[in-house]
Amino acid sequence: MAMMKIKKGDTVKVIAGKNKGEEGKVLKVNPSKRKVLVEGINMVTKHTKPSMSNQNGGIVKQEAFIDASNVMYLHNGKATRVGFKMEGDKKVRYAKSTGDVID
């Protein structure tokens with residue numbers, strides 16, 4: 001299983017699909033399926049049954065997972081590729097467009 005270059009909390013831009021050009025914050029990452037859940041992106045309608053937590057049930061709009069290859073990391077407002085490099089004895093992510101360390 002390859003390491004994901006996108007992490008929870010990152011701001012990303014959608015580069016393919018019906019939400020192309022939109023930006024959002026990553027809510028969840030599923031590395032085994034290489035998918036990410038982005039706030040406000042890929043909204044789907046879900047029909048829910050009444051339950052203890054949701055007394056009425058009905059139709060609910062929520063985000064759905066999209067493939068990680070369809071998003072790019074946003075660094076200083078611009079989409080950039082992400083790479084890894086060693087700083088001393090620590091492995092860090094960096095923006096390939098500027099060379100700045102992300103975290």
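**Close-up 1. D10 is a buried residue in this predicted model.** With a relative accessible area of 9%, D10 falls under the 20% limit and therefore counts as buried. Along the chain, D10 belongs to the segment before β1. Leaving aside neighbours within four places in sequence, the residues in contact with D10 are K5, G24, K25, V26, Y73 and R93.

**Close-up 2. The side chain of D10 has polar partners in K7 and R93.** At K7, the side chain of D10 reaches the backbone nitrogen, at 2.8 Å. At R93, the polar contact is between side chains, at 2.9 Å.

**Close-up 3. Strands β1 and β2 pair in the antiparallel sense.** Here β1 covers residues 11–14 and β2 covers residues 23–30, with 3 bridges between them. Look for T11, whose bridge partner in β2 is K25. K25 is also among the residues in contact with D10.

**Close-up 4. Six strands make up an open sheet with antiparallel pairing.** Reading across, the order is β6-β3-β2-β1-β7-β8. At the edges are β6 (66–67) and β8 (78–80), each of which pairs on one side only. In general, strands of a sheet pair through backbone hydrogen bonds.

**Close-up 5. Two lysines lie over aromatic rings: K85 and K91.** The charged end of K85 sits over the ring of Y94, at 4.9 Å from the ring's centre. K91 lies over the face of F84, with 4.8 Å to the ring centre. As for rings paired with each other, a search of the whole structure finds 0 aromatic pairs.

Conventions:
Residues numbered from 1 in each chain as written. Predicted model: local features only at pLDDT ≥ 70, side-chain atom pairs only at ≥ 80, totals over all residues. Heavy atoms only, no water. Pairing = 2+ DSSP bridges. Helix = DSSP H or I, 4+ residues; strand = E, 2+ residues; numbered from the N terminus. Buried < 20%, exposed > 50% of the residue type's maximum accessible area, 1.4 Å probe, protein only. Polar contact = N/O pair within 3.5 Å; in protein donor to acceptor, adjacent residues only side chain to side chain. Contact = heavy atoms within 4.5 Å. Phe/Tyr/Trp six-rings, centres within 6.5 Å; stacked < 30°, edge-to-face > 60°. Lys NZ or Arg CZ within 6 Å of the ring centre and 35° of its normal.
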